[in-house]
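Hi,

Here is the structure I promised to pass on. Have a look at it first, and then read my notes below.

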Amino acid sequence: MDTDRLVKYAPGPGATAAQVVARGDGWLVDEVICTYGPSDRPFEEQHDNVAVAIVLAGSFQYRTSTGHALMTPGSLLLGNPGQPFICSHEHGRGDRCLSFRFAPGMFENLAAAAGARRRPDFTQPRIPPLKALSPLLARACAGIAEPIGVSWEELGVEIASEAMRLSRGISNRPTEGPPGAAARVTRTIRLIERHPETALTLEVLSREARLSPYHFLRTFQMLTGVTPHQYLLRVRLRHAALRLASHSSRILDVALDCGFGDLSSFNRAFRAEFGVNPRRYRGDGRIGRPAEPEPKPF
């Protein structure tokens, strides 16, 4: 695998910079920061290898032979070797992604080990920000913030395997929506990204999109693959998981700062999303942090 080819990007009025995070035999992880915006003309690129990229921030339109999709934080971009694609920023400037690239032979071996009986090409362009991805995405975000103790090779294998598993059950029906829908939803996505801790109700978000709550709910779910409530909740929980893994703040402070009204609701939501409570998550030492001491009995 010629990993040097994976970090070359075409020039343009905006800029795309890639920094290699880790690499090995047949795989590479790089952090990609793009500053393209609505005034920049998109251009066609091509996936040299299998690509599974986590959108960390920003949003953009991804067009390829398997379909069109609005890419939002928490979703996975999927690409097959030799597949042309176009990324455009028609409704907002910039994005940040963590891209896992695999040589075709390595990916085929992973697919065979996971039980695939045929060539493991992706048949859709994206996996939405689903609950099943939350633990892996939280680990990836924590690894970028503080890479000590992170095995990028192991994490890449897990993300590739989960992408293959989830992609089999996702419909590849069109997700563009009516004219102007992507622009309206993008406004709300970027509002959530800027202020996830605030009270962003369906009424507030639909007003930002200039749609009725009913039409906004349908349009948002069609374009992102999840409801506005699910999307906002997962943004808050990812922020909380990163705080727990990288800071020594009290769990109550993390809950309140991330938009949860009380500790009990935060604990329930966190356990439902990650399978453990916040104290256990921190104690598992995601990036080497010690567990908080258990409170002493009265």
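**Notes on the structure**

R96 counts as partly exposed, since its relative accessibility is 28%. Before I go on, please keep in mind that this is a predicted model.

I started with R96 because its side chain meets that of E31 in a salt bridge, at 2.5 Å from N to O. R96 sits in strand β9 and E31 in strand β2, so this pair ties together parts that are 65 residues apart in sequence. Unlike R96, E31 is buried, with a relative accessible area of 13%.

How many salt bridges does a search of the whole structure find? The count is nine, and I picked out two others for you.

One of them joins the side chains of R93 and D40, with 3.4 Å from N to O. This pair also links distant parts of the chain: R93 is in the loop between β8 (84–88) and β9, while D40 is in the loop between β2 and β3 (44–46), and their positions lie 53 residues apart in the numbering. R93 is partly exposed, at 45% relative accessible area, whereas D40 counts as buried, at 11%.

The other one is local. R207 forms a salt bridge with E203, and their closest N and O atoms are 3.7 Å apart. Both belong to helix α5 (residues 202–209), and because they are four residues apart there, about one helical turn separates them. In general, an α-helix has 3.6 residues a turn, so residues three or four places apart point the same way. Are R207 and E203 buried or exposed? Both are exposed.

**Helix α1**

Next, take a look at helix α1, which covers residues 104–113. Its buried residues are M106, F107, L110 and A111. Viewed down the axis of α1, these fall within an arc of 140°, so they line one face of the helix. What do they pack against? Their partners are β2 (27–34), β4 (50–58), β9 (95–102) and α3 (152–167). So you meet β2 and β9 again here, the strands that hold E31 and R96. On the face of α1 turned away from the buried side you will find the exposed residues N109 and A113. After α1 comes G115, with a positive phi near 100°.

**Helices α7 and α9**

Further along the chain, try helix α7 (residues 228–246) and helix α9 (residues 263–274). Their axes come within 11 Å and cross at roughly 90°, so the two helices are roughly perpendicular to each other. Which residues meet there? From α7 they are L233, R234, L237, A240, A241 and L244, and from α9 they are F266, A269, F270, E273 and F274. Sorted by class, this contact has nine nonpolar residues, two charged ones and no polar ones.

**One glycine to find**

Last, G180 is in the loop between α3 and α4 (181–194). With 43% relative accessibility, G180 counts as partly exposed. Its C-alpha atom is separated by 9.7 Å from that of H91, although the two residues are 89 apart along the chain.

Happy browsing!

Terms used:
Residues numbered from 1 in each chain as written. Predicted model: local features only at pLDDT ≥ 70, side-chain atom pairs only at ≥ 80, totals over all residues. Heavy atoms only, no water. Axes fitted to C-alpha atoms, helices over the stretch in contact; angles between N-to-C directions. Parallel < 35°, antiparallel > 145°, perpendicular 65-115°, else oblique. Contact = heavy atoms within 4.5 Å. Nonpolar A, V, L, I, M, F, W, Y, C, P; charged D, E, K, R; others polar. Buried < 20%, exposed > 50% of the residue type's maximum accessible area, 1.4 Å probe, protein only. Arc of directions from axis to C-beta. Salt bridge = Lys/Arg side-chain N within 4 Å of Asp/Glu carboxyl O.
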